[in-house]
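Trainee: I'm new to this structure and would love to look closely at one part of it. Could you pick a spot and walk me through it?

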Amino acid sequence: MTQSDSASASEGSGARSAISHAGNSRAQVDLERSSRSFGGGSLQLADLEEVDVRTVFQRDGDGFAGWLAGNLDRLAKELNIGGLREVGRDVAVGSFTVDILAQTDKGRRVAITNQLESTDSIHLGQVVTFAAGLEVSAVIWITTKISEEHRAVLDWLNQHGDDEVRFFGVELRLLRIGNSLPAAVFNVVAKPNDWQKVARQRQRVSSPITARVREF
């Protein structure tokens, strides 16, 4: 190897070393910036706490029905329903009573029954009675926990029942951060088949089922 070749190799090695060092430096700077952006090890987040529904609302649901009547828009949003407004409270259907009778923007009536505990067969019977005894387009069952058995029944009703009546099972949770007021969260556990998919396609291709969703 000549002196010229040796010098060239030394210069190339030095250049690669400088590039590598520069790359490592940039990576270190990016890492430090990222750490600063997220607060590094000092980042603190508040704990999300679940609140017992019965410590806020009465067990029989009277207090909740009043709150829900004034916040039906929240429920409608979760169900992808075009608006909901109260048209009746404690409506008698045989030996049972509908907590809230509501109406959509399209004029479709909806029966809402509340159960601030885990689902049971008595309330399931009420849900079916409301569907049969009232001219409603949907029955919404709000509870704190829907059992797998009752969810299966709602799914079966949506699959094999009258297309003019839809059944929704919704679980209610109350959550808060730190000392904040609790916030209501609606988790839709049971709904008509492909309801969410069809709801997203309202403005797309028209079909018989899409038309029914628009009417609802």
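Mentor: Let's start with the aromatic side chains: Phe-57, Phe-64, Trp-67 and Phe-186 form one aromatic cluster. Please keep in mind that this is a predicted model, where local features need pLDDT of at least 70 and side-chain atom pairs count only at pLDDT 80 or more, while totals for chains, interfaces and linings use all residues. Residues are numbered from 1 along each chain as its sequence is written, and side-chain values use heavy atoms, with hydrogens and water left out.

Rings of Phe, Tyr and Trp (its six-membered ring) pair if their centres lie within 6.5 Å; planes under 30 degrees apart are stacked, over 60 edge-to-face and the rest tilted. By this rule there are four aromatic pairs. In one of them, Phe-64 with Trp-67, the ring centres are 5.9 Å apart and the planes meet at 25°, so this pair is stacked.

Where do Phe-64 and Trp-67 lie? Both belong to helix α2 (residues 62–69), three residues apart, which is about one turn of the helix. Helices (H or I, at least four residues) and strands (E, at least two) are DSSP runs, numbered from the N terminus.

The two rings are not equally covered: Phe-64 is buried, with a relative accessible area of 0%, whereas Trp-67 is partly exposed at 24%. Buried means under 20% relative accessible area, exposed over 50% and partly exposed in between (1.4 Å probe, protein chains only).

Trp-67 has a second partner to follow, since it also forms an aromatic pair with Phe-186, a tilted one with 6.4 Å from centre to centre and 35° between the planes. Trp-67 sits in α2 and Phe-186 in strand β7 (residues 183–190), so this pair ties together parts that are 119 residues apart in sequence. Phe-186 itself counts as buried, at 7% relative accessibility.

Now let's step back to see where the cluster belongs. The chain has seven helices and seven strands, and along the sequence they follow the pattern α-β-α-α-β-β-β-α-β-α-β-β-α-α. Of its 216 residues, 35% count as buried. Among contacts between residues at least 6 apart in sequence, 59% join residues at least 24 apart; a contact means heavy atoms within 4.5 Å.

Helix α4 is a good second stop. His-123, Leu-124, Gln-126, Val-127, Phe-130 and Ala-131 are its buried residues. Seen down the helix axis, they fall within an arc of 155°, so they line one face of α4; the arc is that of the directions from the axis to the C-beta atoms. On the other side, Ser-121, Ile-122, Ala-132 and Gly-133 are exposed. The buried residues of α4 pack against β2 (84–93), β3 (96–104), β4 (109–118), β5 (138–145), α5 (148–160) and β6 (166–177). Of these neighbours, β5 has six of its eight residues buried, so the rest of the structure largely encloses this strand.

Finally, look at Ala-46, in the loop between α1 (3–37) and β1 (48–51). Ala-46 is exposed, with a relative accessible area of 55%. Its C-alpha atom is 6.5 Å from that of Gly-178, although the two residues are 132 apart in sequence.
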